[in-house]
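Biologist: Could you take a close look at the aromatic rings of this model, and tell me how they are placed with respect to their surroundings?

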Amino acid sequence: MANVAVIGAQWGDEGKGKIVDWLAERADMVVRFQGGHNAGHTLVVGDNVYKLSLLPSGIVRGTPSFIGNGVVLDPWALKDEIARLGAQGVTATPETLRIADTCALILPFHRDLDGLREDASGAGKIGTTRRGIGPAYEDKVGRRAIRVCDLAHLDDLGPQLDRLTAHHDALRAGFGEPPIDRARLIAELREIAGFVLPFAKPVWRDLNAARSAGKRILFEGAQGVLLDVDHGTYPFVTSSNTIAGAAAGGSGLGPSAVGFVLGIAKAYTTRVGSGPFPTELENETGERLGVRGHEFGTVTGRKRRCGWFDAVLVRQAAAVGGITGIALTKIDVLDGFETVSICTGYKLRGETLDYFPAHAADQALVEPIYETMEGWQETTAGARSWADLPAQAIKYIRRIEELIRCPVTLVSTSPQRVDTILVRDPFSD
């Protein structure tokens, strides 16, 4: 049986939480491998709605869940999220949740720096969640991060703090902020260490042992390929690699362990924050998509920008992301439209492109080339088989497959986990 990696094939918010939750029933364990608590995964189970940011989606089912070394961890956000889920009857214990002891920590001054930079950027704002993700990854790459394992050795933290404060105090001075209060930081870390350390494990070892035992591993990505720091719409991206290749490095398993790569894409397109968006509809149609799709960010509550499905971008995401099959979500949001459109290419200064250009100036100038199809008036909501779908909805899905050069293996027809059409079982490959 194959392991499965789930990644976003657009700009995030594609519905990964539901799909991971649906697949977690058949997995032996779920692993988050990148990002931080800037992710937002909403799970609807009957009448209960669970909003996750940092915890793997498998935690709701009780599936053993792992936070891999590729994640940046805010320990206070972790404590709050575990408490919030506990109030909903979901328990996270060191038996059900394990955190890589090599995870870099997000600290209070990372959040400060994130906000200070955004506020000072004016028209150049990236649109971050202001949760310190980027600054924490910068410290990790700069070899000055404090990691989970350091919480057990706080008395030995002096040299690392020297490197950290030498870097951050200069930045803070530039913004008119005081230096980092080292004594306060150590006190805060001592207070939270007792909560985090029971979860800390050599996750790479546990996962390799599970793989050797033939266990099914589900890798859960955050954000989407178009937010990948290398392959996304730079600089309006996240600070980590969101492609399937990151599952290997971010979990401690080799590339051969990843298996089937399931890319999640909405039947239309959304984006939160700044950055290019060729098919954005700043009109009544875009508003209709947003209202019907309840397009507000799980983490920030920000209104999402909406537009037609962009086959060029998803085809590109499938190629660079290593996607084997697509899970198409929110097809029911398109119910009732007289016509639906798909972007099949771009015009840029008189030239036709079949890819999204790399430079921001070119990205801002591309004009989408649309193919328009007849819509459907029947409902797709709650469909659980092809026979339940209107003929035009099936034609729309098949046309998407042709354009993105990747098969649709799952179709989601509502937020409920049971409302899913399985075309091809990712775990069977």
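**Aromatic rings and their surroundings**

Modeller: Arg-288 lies over the face of Phe-337, at 3.9 Å from the ring centre, where a charge counts as over a ring if NZ of Lys or CZ of Arg is within 6 Å of the ring centre and within 35 degrees of the ring normal. The model is predicted, so local features need pLDDT of at least 70 and side-chain atom pairs pLDDT 80 or more, while totals for chains, interfaces and linings use all residues. Residues are numbered from 1 along each chain as its sequence is written, and side-chain values use heavy atoms, with hydrogens and water left out.

A second charge of this kind is found at Trp-386, where Arg-398 lies over the ring face at 4.8 Å from the ring centre.

As for rings that meet other rings, the structure holds five aromatic pairs, a pair being rings of Phe, Tyr or Trp (its six-membered ring) with centres within 6.5 Å, called stacked if the planes are under 30 degrees apart, edge-to-face if over 60 and tilted otherwise. One of them joins Phe-195 and Phe-199, and because the planes stand at 55 degrees, with 5.7 Å between the ring centres, this pair is tilted. Phe-195 is partly exposed, with a relative accessible area of 23%, whereas Phe-199, with 5%, is buried; buried means under 20% relative accessible area, exposed over 50% and partly exposed in between, for a 1.4 Å probe and protein chains only.

Phe-337, the residue that carries Arg-288 over its face, also forms an aromatic pair with Trp-308, and here the arrangement is edge-to-face, at 5.8 Å centre to centre and 70 degrees between the planes. Trp-308 sits in the loop between strand E13 (305-307) and strand E14 (309-310), and Phe-337 in the loop between strand E15 (325-329) and strand E16 (339-348), so the pair ties together parts that are 29 residues apart in sequence. Strands are DSSP runs of at least two E residues, and helices runs of at least four H or I residues, numbered from the N terminus. Both Trp-308 and Phe-337 are buried.

For a comparison outside the rings, helix H5 (residues 158-174) also has buried residues, among them Leu-161, Leu-164 and His-168. The buried residues of H5 pack against helix H3 (108-120), helix H4 (133-141) and helix H6 (182-196), with contact taken as heavy atoms within 4.5 Å. Just after H5, Gly-176 takes a positive phi of about 75 degrees.
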